[in-house]
Amino acid sequence: MPHLEVSDVRAKYGTLEVLKGISFSIKKGEIASLVGPSGSGKSTVLRALMGLTPITGGTVMIGNDRMNYSSAKEVRAARDRMAIVFQQYNLFQNMTVMKNLTLAPLKIKKWDSAEVMSEARRLLGLVGLSDRADAYPDQLSGGQQQRVALARALALKPQILLLDEVTSALDPELVNEVLDAIRKLANEGMTMIIVSHEMAFVREVADKVVFMDEGQIIEAGKPNDIFDNPQTDRARDFFSKILRH
């Protein structure tokens with residue numbers, strides 16, 4: 001059974017249809033990467049799954065549960081099971097790293113304080129920031145802030161993690177430290193959907209690559225098949241340009 005199944009999902013911005021019947025599925029522990037040109041709808045898929053962009057058609061299943069995005073209660077339920085990390089870190093600048101990680105679990109979820117603090121320390125170790133728990137965001141590099149954002153999302157114990165171009169705002173020398181943190185999550189078996197332009201990384205970690213253009217899925221498959229032997233003219237044209245060097 002798929003962990004997440006997206007079937008004929010459609011979405012609009014005003015009168016502009018930005019998702020035109022998107023369908024794909026992933027199993028528990030799998031990593032799917034959405035790739036394609038800017039404006040193809042990749043980030044919109046993630047926003048729709050989180051209830052940030054209204055879905056106008058189709059269905060989303062998490063396990064046996066169909067998500068009803070017209071219900072505020074159901075949107076909250078979807079957000080309990082998924083977490084998203086954006087390209088901008090969106091950390092609270094007036095709070096320490098530890099406070100950023102523990103605020104929502106303590107104040108919103110009202111989980112046990114000792115367990116929350118213990119998990120926060122574990123997650124900081126996972127992303128290589130054990131020594132920065134008492135630092136403030138402006139004392140961190142961009143790569144460190146993005147790793148804090150990853151840990152903060154994980155602190156809510158999502159079943160599925162959505163990553164939206166999490167390295168695109170970083171200086172090139174900081175990209176690898178974030179990608180290393182994602183590799184560790186992959187090794188732990190976290191189900192992920194990654195929007196990324198880091199094609200070498202996508203080839204390395206993804207179980208499935210979904211190529212999108214103009215709000216549609218053009219083709220999908222295993223990384224080596226998609227990159228090395230695309231079946232459509234549009235995919236061949238795209239990958240011939242971005243994989244040339």
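Colleague: Is the crossing of α3 and α4 right-handed or left-handed?

Modeller: Good place to start! Bear in mind that this is a predicted model. Two packed helices are described by the angle between their axes and the distance between those axes. Here, helix α3 (residues 97–108) and helix α4 (residues 113–126) have axes that come within 10 Å and cross at roughly 135°. That angle makes α3 oblique to α4. As for the hand, the crossing of α3 and α4 is right-handed.

Colleague: Which residues of α3 and α4 meet?

Modeller: From α3 come Val-97, Met-98, Leu-101, Thr-102, Pro-105 and Leu-106, and they meet Ser-113, Val-116, Met-117, Ala-120, Arg-121 and Leu-124 of α4. Sorted by class, this contact of α3 with α4 holds nine nonpolar, two polar and one charged residues.

Colleague: Let's try another pair. At what angle do α5 and α6 pack?

Modeller: Helix α5 (residues 142–154) packs against α6 at about 20°, and their axes lie 8 Å apart. Angles under 35 degrees count as roughly parallel, and α5 and α6 are therefore roughly parallel to each other. α5 passes α6 in a right-handed crossing. On the α5 side, the contact includes Arg-147, Leu-150 and Leu-154, while the residues of α6 include Val-178, Ala-181 and Leu-185. The contact of α5 with α6 divides into seven nonpolar, four polar and two charged residues.

Colleague: I have my eye on Lys-184. Where is Lys-184 found, and why does it count as partly exposed?

Modeller: Lys-184 is found in helix α6, which covers residues 172–187. It counts as partly exposed because its relative accessibility is 38%, and that class lies between 20% and 50%. Leaving aside neighbours within four places in sequence, Lys-184 is in contact with Gly-125 and Leu-126. You can also look at Val-127: it is 57 residues from Lys-184 along the chain, yet their C-alpha atoms are separated by 8.0 Å.

Colleague: Now for the strands. What order do they have in the open sheet?

Modeller: The four strands of the open sheet run in the order β2-β1-β4-β5, with antiparallel pairing. At the edges are β2 (16–26) and β5 (65–66), each of which pairs on one side only. Strand β1 (residues 4–13) is joined to β2 by eight bridges. To find one of them, start from Glu-5, whose bridge partner in β2 is Ser-25.

Colleague: And which strands does helix α1 touch?

Modeller: Helix α1 (residues 42–49) packs on the sheet and touches β1, β2 and β4 (55–62). The direction of α1 makes about 75° with that of β2.

Note on methods
Residues numbered from 1 in each chain as written. Predicted model: local features only at pLDDT ≥ 70, side-chain atom pairs only at ≥ 80, totals over all residues. Heavy atoms only, no water. Helix = DSSP H or I, 4+ residues; strand = E, 2+ residues; numbered from the N terminus. Buried < 20%, exposed > 50% of the residue type's maximum accessible area, 1.4 Å probe, protein only. Contact = heavy atoms within 4.5 Å. Axes fitted to C-alpha atoms, helices over the stretch in contact; angles between N-to-C directions. Parallel < 35°, antiparallel > 145°, perpendicular 65-115°, else oblique. Left-handed = near helix turned anticlockwise from the far one by under 90°. Nonpolar A, V, L, I, M, F, W, Y, C, P; charged D, E, K, R; others polar. Pairing = 2+ DSSP bridges.
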